[in-house]
Amino acid sequence: MPSDKNVDTLEEIKEKLASNSVLISTGFTGLDVATMTQFRRKLREQGLEYRVVKNTIASLAADEIGFPQIKEVLTGPTGLVMGNGDAIAAAKLLTEYLRSSRIAMPLNGAVIDGQVMTAQEVNELGALPTKPVLMSMLMGQLSGVVARL
């Protein structure tokens, strides 16, 4: 019989998995408390949350909410970056923070709007410019064509 703590955790994880459109899975071993606290604070500033989860509980929650794709990114010790909104901004924030602070945190993959992505795809997504920058680049290209006419 599962403990009350695990049942409560399962309900909380189900609620978070169902309500967030961006889910990036990372490892967390080897990080000290100060680094983890700073990392969580940086994510919170952008409206994201980092939660260390047990894979079995997260797998059960994924099955119960009818979203089994999540189980594909649950490997090893797992921490989940969860949030809503712009997936590119979330991936960019994560990859840039890990690169700038030289944290050795492996990416396991992501589930963004129901689509499973590998760690390499998350890194590539993080290398893209943000949505406003992409839109301004497109507008610059279009206005250049109009000016030449």
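## Briefing on a predicted protein chain

Ile57 is buried, since its relative accessible area is 9% and the cut-off for a buried residue lies under 20%. This residue belongs to a predicted model, in which the protein chain is made up of six helices and five strands. The points below begin with the chain as a whole and then turn to one pair of helices and to two residues.

**The chain as a whole**

- Read from the N terminus, the elements of the protein chain follow the order α-β-α-β-α-β-α-β-β-α-α.
- The C-alpha trace of the protein chain extends over about 75 × 35 × 25 Å when it is taken along its principal axes.
- The protein chain has 149 residues, and 36% of them count as buried.
- Among the contacts in the protein chain with a separation of 6 or more, 79% come from residues that are 24 or more positions apart.

**Surface and charges**

- About 8800 Å² of the protein chain is exposed, and 56% of this area is supplied by carbon and sulfur atoms.
- The protein chain carries 15 positive and 16 negative charges, and the mean positions of these two sets lie 7 Å apart.

**Helices H4 and H5**

- Helix H4, which covers residues 87–101, packs with helix H5, which covers residues 119–127, at an angle of about 100°, and the axes of the two helices are 7 Å apart.
- Because angles of 65 to 115 degrees count as roughly perpendicular, H4 and H5 are described as roughly perpendicular to each other.
- On the H4 side the contact is made by Ala87, Ile88, Ala91, Lys92 and Thr95, while on the H5 side Val122, Asn123, Leu125, Gly126 and Ala127 take part.

**Ile57 in helix H3**

- The buried residue Ile57 has its place in helix H3, which runs over residues 55–64.
- When neighbours within four places in sequence are left aside, Ile57 is in contact with Asn6, Thr9, Leu10 and Ile13.
- One of these partners, Ile13, is 44 residues from Ile57 in sequence, and the C-alpha to C-alpha separation of the two is 7.9 Å.

**Val52 in strand E2**

- Val52 has its place in strand E2, which runs over residues 49–53.
- With a relative accessible area of 32%, Val52 is partly exposed, as this value falls between the cut-off of under 20% for buried residues and that of over 50% for exposed ones.
- Apart from neighbours within four places in sequence, Val52 is in contact with Phe28, Arg40, Thr78 and Gly79.
- Val52 and Arg148 are separated by 96 residues in sequence, and in space they are 54 Å apart from C-alpha to C-alpha.

Notes: Residues are numbered from 1 along each chain as its sequence is written. This is a predicted model: local features need pLDDT of at least 70, side-chain atom pairs count only at pLDDT 80 or more; totals for chains, interfaces and linings use all residues. Side-chain values use heavy atoms; hydrogens and water are left out. Helices (H or I, at least four residues) and strands (E, at least two) are DSSP runs, numbered from the N terminus. Buried means under 20% relative accessible area, exposed over 50%, partly exposed in between (1.4 Å probe, protein chains only). Contact means heavy atoms within 4.5 Å. Accessible areas come from the Shrake-Rupley method with a 1.4 Å probe; for residues, only the protein chains shown count as cover. Lys and Arg count as positive and Asp and Glu as negative; His and the chain ends are not counted. The place of a charge is taken as NZ of Lys, CZ of Arg, CG of Asp or CD of Glu. Axes are lines fitted to C-alpha atoms, for helices over the stretch in contact, and angles run from 0 to 180 degrees between N-to-C directions. Angles under 35 degrees count as roughly parallel, over 145 as roughly antiparallel, 65 to 115 as roughly perpendicular and the rest as oblique.
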